[in-house]
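Visitor: I'd like a close look at a single part of this model, taken slowly. Please show me what lines it and what sits around it.

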Amino acid sequence: MMNDIRVARLFPFSVHPDVLRVRWEIYANLERWDGALEIAGAIIKLDPGQADCWLYKASSLHSLNRNQDAHQTLLDALKRFPKDSAVLYDLACLCCMMERLKEAKGWLEKAIEAGGDKIKKRALDDPDFEMFWKKIGEL
């Protein structure tokens, strides 16, 4: 079986960011998170101006139980995309999973400000925010 470097030499289109995004989806669906993380890193190198690649990396890190690294990745993404509702939302969601509820509240407020009612409705239905909604009165 050919390795990725040889494939890239023979088929340069296979390292196009859009092709890599599809590969990331496949790896994520197969829960092959080490490979998904590697692909996300490659997409960031090729196309750092798109927020989705940073979300792919954070998701891969979270799935590898590397939540602090995922958190840092999202903070890095936020420097590039300060008003991106998806980055803000994922940061809020990750903070909830890390039980950093006050921080989650701040990010969620910014995500709702950036994305409107769509983000608010999503958060209300998202099981990752369950603890957040239970403790909202204490924050």
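Guide: Let's look at a pocket, then at two helices beside each other. A quick note first: this is a predicted model, so local features need pLDDT of at least 70 and side-chain atom pairs count only at pLDDT 80 or more, while totals for chains, interfaces and linings use all residues. Residues are numbered from 1 along each chain as its sequence is written, and side-chain values use heavy atoms, with hydrogens and water left out.

Our part is the second largest pocket, which holds about 240 Å³ of space. (A pocket is an open set of points on a 1 Å grid where a 1.4 Å probe fits, with protein on both sides within 12 Å along at least five of seven lines; lining residues have an atom within 4 Å of a point. Volume is the space filled by probe spheres set on those points.)

Who lines this pocket? There are 14 residues in its lining, and those nearest the centre are Ser59, His62, Asp90, Cys93 and Met97. Sorted by class, the lining has eight nonpolar, two polar and four charged residues. (Ala, Val, Leu, Ile, Met, Phe, Trp, Tyr, Cys and Pro count as nonpolar; Asp, Glu, Lys and Arg as charged; the others, Gly among them, as polar.)

Now for the helices (DSSP runs of H or I, at least four residues, numbered from the N terminus). Helices α4 (51-63), α5 (67-80) and α6 (85-97) each give at least two residues to the lining. The top contributor is α6, with five.

Two of these helices, α5 and α6, pack at about 155° with axes 10 Å apart. (Axes are lines fitted to C-alpha atoms over the stretch in contact, and angles run from 0 to 180 degrees between N-to-C directions.) So α5 and α6 are roughly antiparallel, a label for angles over 145 degrees. The crossing of α5 past α6 is left-handed, meaning the near helix is turned anticlockwise from the far one by less than a right angle.

Where do α5 and α6 touch? On the α5 side you'll find Asn67, Ala70, His71, Leu74, Leu75, Ala77 and Leu78, and they meet Val87, Leu88, Asp90, Leu91, Leu94 and Cys95 in α6. (Contact means heavy atoms within 4.5 Å.) By class, that contact splits into 10 nonpolar, two polar and one charged residue. Keep an eye on Asp90: this residue is among those nearest the pocket centre, and it takes part in the contact with α5 too.

Conventions
Parallel < 35°, antiparallel > 145°, perpendicular 65-115°, else oblique.
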